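Trainee: I've got the model open, and I'd like to check the labels people put on it. Can we go through them one by one?

Mentor: Sure, pull it up and ask away.

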Amino acid sequence: MAFFLAVDAGGTKADFLLADETTELARVRTGTIKRMRADAATVQRNLDNALDSLTLLSGVSMDAITRTCIGTAGESVPLVTDWLNSAFKAKISGELLLLGDVEIALDAAFQGGPGVLVLAGTGSNVAGRYQDGRLTTAGGWGPAIADQGSGHRIGHEGVRAAFLAMDEGRPTLLRTAIMDFWQIGSLELLIEYANSIPAPDFSRLAEIVLACAEQGDPIALAVLRKEGVDLAYLAGLIAKRLQSASHDKDWVPSVAFAGSILEKVAPVREALVDALHQEFPTLIALPGVVDPIAGALWRARTHRQTP
């Protein structure tokens, strides 16, 4: 019997899924195994704990694994890839496939077929797969350059919108809510903290912006909708690339979604889909969000590599 290991290695957590040819046998979540996010001792401990838990839950030894597929952001960064390659090969038998996180999410949605994937969590990225299997991306350049629609961008734009509203004399819940969340007692301290180096974790403010929007704050809602429209612009760029390479010029690729923002922040997703439908009226937006680790498992089982 063949056994397959799928891994979704994120910046704050890592998900592991062990399966045979037809059945999922065990799932485990642990802390990050990305060397960009933690020191070598921490990521090694997280990996060891995950593998031990998988064996305990399933009764399957890591020596019995036929193929492992890992999806991670930063798959082109040597610090990330070198550690993953050496650490997994030291602990697990069989072949090792190392792919990007958006590629396994594409596989979860389209199983090797063409389509567009919009991913927005702490960061964001948009990817597409041509009908011949090639990949193309837009965005995903990090928080200082891109990350449209991400938790970081929503939080940062929420702070900016709060101060612009103050300049305009417009009421908003944002400033008070942000000060309460950060436990800051004065405007002067808020200005100092928001501009500090290293910068605060703006992604944690995404839930505050959403809460204000749900209470009817039009400024908070506008922040969320703008981020959805900005994501739609990137998704539209990818869709047009796929269209231009298709033999059928009337074909419109379907769009799938992944990540916590597109799962939980409805105004971002709604604005994204509405903007896409304005440009592509027949576009199909898949419901819900895909589970990227399902794509890693499909890839491990089929061993279909992108050309």
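Trainee: At what angle do helix α4 and α8 pack, and how far apart are their axes?

Mentor: Keep in mind that this is a predicted model. In it, helix α4 (residues 151–168) packs against α8 at an angle of about 135 degrees, and the axes are 9 Å apart.

Trainee: What makes α4 and α8 oblique to each other?

Mentor: Set the angle against the cut-offs. Roughly antiparallel needs over 145 degrees, and roughly perpendicular covers 65 to 115. The pair sits at about 135 degrees, in neither class, and α4 and α8 are therefore oblique to each other. As for handedness, the crossing of α4 and α8 is right-handed.

Trainee: Which residues meet there, and what classes are they in?

Mentor: On the α4 side you have R153, I154, E157, G158, A161 and A165, and they meet I219, V223, L224, K226, E227 and D230 of α8. By class, the contact of α4 with α8 has six nonpolar, one polar and five charged residues. Wondering about the polar one? Gly counts as polar here, and G158 is in the α4 list.

Trainee: And what about α7 with α8, how do they cross?

Mentor: Helix α7 (residues 206–214) and helix α8 (residues 218–244) have axes that come within 7 Å and cross at roughly 125 degrees. That makes α7 oblique to α8, because the angle falls outside the 65 to 115 window and isn't over 145. Here α7 passes α8 in a left-handed crossing.

Trainee: How do you know what kind of contact α7 makes with α8?

Mentor: Look at who meets whom: V209, L210, C212 and A213 from α7, against A220, L221, V223 and L224 from α8. Ala, Val, Leu and Cys are among the types that count as nonpolar, and the contact of α7 with α8 comes out as eight nonpolar, no polar and no charged.

Trainee: On to the sheets. Why are β8 and β9 said to stand at the edges?

Mentor: Take the strand order of that open sheet, β8-β7-β6-β9, with mixed pairing. Both β8 (135–138) and β9 (255–258) have a single partner strand, so one side of each is left without a neighbour in the sheet. From one strand to the next, the twist in this sheet averages 20 degrees.

Trainee: What makes β7 and β8 a pair?

Mentor: The cut-off is at least two bridges. Strand β7 (residues 124–129) and β8 have four, in the antiparallel sense, and they therefore qualify as paired. One position to look at is G128, whose bridge partner in β8 is T136.

Trainee: How do you know which strands are the edges of the five-strand sheet?

Mentor: That sheet is also open, in the order β3-β2-β1-β4-β5 with mixed pairing. Its edge strands, β3 and β5 (95–100), each pair on one side only. The twist there averages 15 degrees from one strand to the next.

Trainee: How are β2 and β3 joined?

Mentor: Seven bridges join strand β2 (residues 13–19) to strand β3 (residues 24–31), and the two run antiparallel. A hairpin of four residues connects β2 to β3. In that ladder, L18 stands opposite A26 in β3.

Trainee: Which strands does helix α3 lie across?

Mentor: Strands of both sheets. Helix α3 (residues 101–110) lies across β6 (115–120), β7, β8 and β9, at about 125 degrees to β6. It also lies across β1 (3–9), β4 (65–72) and β5, at about 95 degrees to β5. Helix α11 (residues 292–302), for its part, lies across β1, β2, β3, β4 and β5, running at about 145 degrees to β1.

Trainee: Why is the protein called as compact as a globular one?

Mentor: Its radius of gyration is 21 Å, close to the 19 Å that the globule rule gives for 307 residues, so it is as compact as a globular protein of that length. The C-alpha trace spans about 70 × 50 × 30 Å along its principal axes, and the fold holds 11 helices and nine strands.

Trainee: Last one: what is unusual in the backbone at P198 and D147?

Mentor: The bond joining I197 and P198 is a cis peptide, with omega about 0 degrees, and P198 lies in the loop between α6 (187–194) and α7. D147 has a positive phi of about 60 degrees although it is not a glycine, and its loop runs between β8 and α4.

Conventions: Residues are numbered from 1 along each chain as its sequence is written. This is a predicted model: local features need pLDDT of at least 70, side-chain atom pairs count only at pLDDT 80 or more; totals for chains, interfaces and linings use all residues. Side-chain values use heavy atoms; hydrogens and water are left out. Axes are lines fitted to C-alpha atoms, for helices over the stretch in contact, and angles run from 0 to 180 degrees between N-to-C directions. Angles under 35 degrees count as roughly parallel, over 145 as roughly antiparallel, 65 to 115 as roughly perpendicular and the rest as oblique. A crossing is left-handed if the near helix is turned anticlockwise from the far one by less than a right angle, and right-handed if clockwise. Contact means heavy atoms within 4.5 Å. The radius of gyration is taken over C-alpha atoms; the globule rule is 2.2 Å times the number of residues to the power 0.38.
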